[in-house]
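Hi,

Here's the structure I promised to pass along. My notes on it are underneath, so have a look and then read on.

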Amino acid sequence: MVKADMQALIEASRLFYTDYGIWPCKNVVEEGDFRYGQEVPNREVMNVLRSISGPGNEKDAVNPKHVVFIEFGPYQPGVSGLSDQGDILDPWGIQYQIVLDTDLNTVCDIPDSLHGAGIPGGIVIWSCGPDRVSDTPDDILSWK
C-alpha cells in the first residue's frame, strides 16, 4: 500500500511538473529543497494536486487550471488516505514526508535527516513506517 501511494504521488507530481514546469508547491527557492510532512503539513502539496483552494494553493494560485492530478479516500486505521485536514497519511496515521526539488537542480536534498543529500529526481517521499518516527531504519523510502 505504501509503495503504491508513493508511486501515485510521484506520478501525479510529475504530471503537474509537465503541465506547469514547477513542482506542486508554492515554495520555490534558489538554494535547497522544501520538505512537507514535518514542520509544514503535506496538505499544501495535496491541495495543489487535488485542485483545492487552501493552504499551499490559496486562490488556486499554484494550480490555476484546476486540474485534479490525484485523489485519495479518507484515512482509516491501517489504510492510508486523507485526514480531515487534507494531509495524506500512511497506514500508521502519520503524514507522508515529501521533499520537492524546489531549486530545480534535479536532486533532492533532505537537510537534518539521515536520508541525506543528492537523491536524484524532482521528488522523494517516505513513510515513517510502523514506529511512526521519521529518520529511523524502518522508514519506507520511494527511492530504494
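**Cysteines, pocket and sheet**

No luck with disulfides: searching the whole structure turns up 0 of them, a disulfide being a pair of cysteine sulfur atoms within 2.5 Å. This is a predicted model, where local features need pLDDT of at least 70, side-chain atom pairs count only at pLDDT 80 or more, and totals for chains, interfaces and linings use all residues. Residues are numbered from 1 along each chain as its sequence is written, and side-chain values use heavy atoms, with hydrogens and water left out.

Why is C108 unbonded? Its closest cysteine sulfur, in C25, is 11 Å away, too far for a bond. C128 is in no disulfide either, with the sulfur of C108 the nearest at 17 Å. C108 is buried at 0% relative accessibility, and C128 is buried too at 2% (buried is under 20% relative accessible area, exposed over 50%, partly exposed in between; 1.4 Å probe, protein chains only).

Then there's a sheet: 4 strands, open, ordered β1-β4-β7-β8 with antiparallel pairing. β1 (34-36) and β8 (140-141) sit at the edges with a single partner strand each, so one side of each has no neighbour in the sheet. Strand β7 (residues 123-127) is joined to β8 by 2 bridges, and W126 has L141 in β8 as its bridge partner. Strands here are DSSP E runs of at least two residues, numbered from the N terminus, and two of them pair if DSSP finds at least two bridges between them.

Cheers
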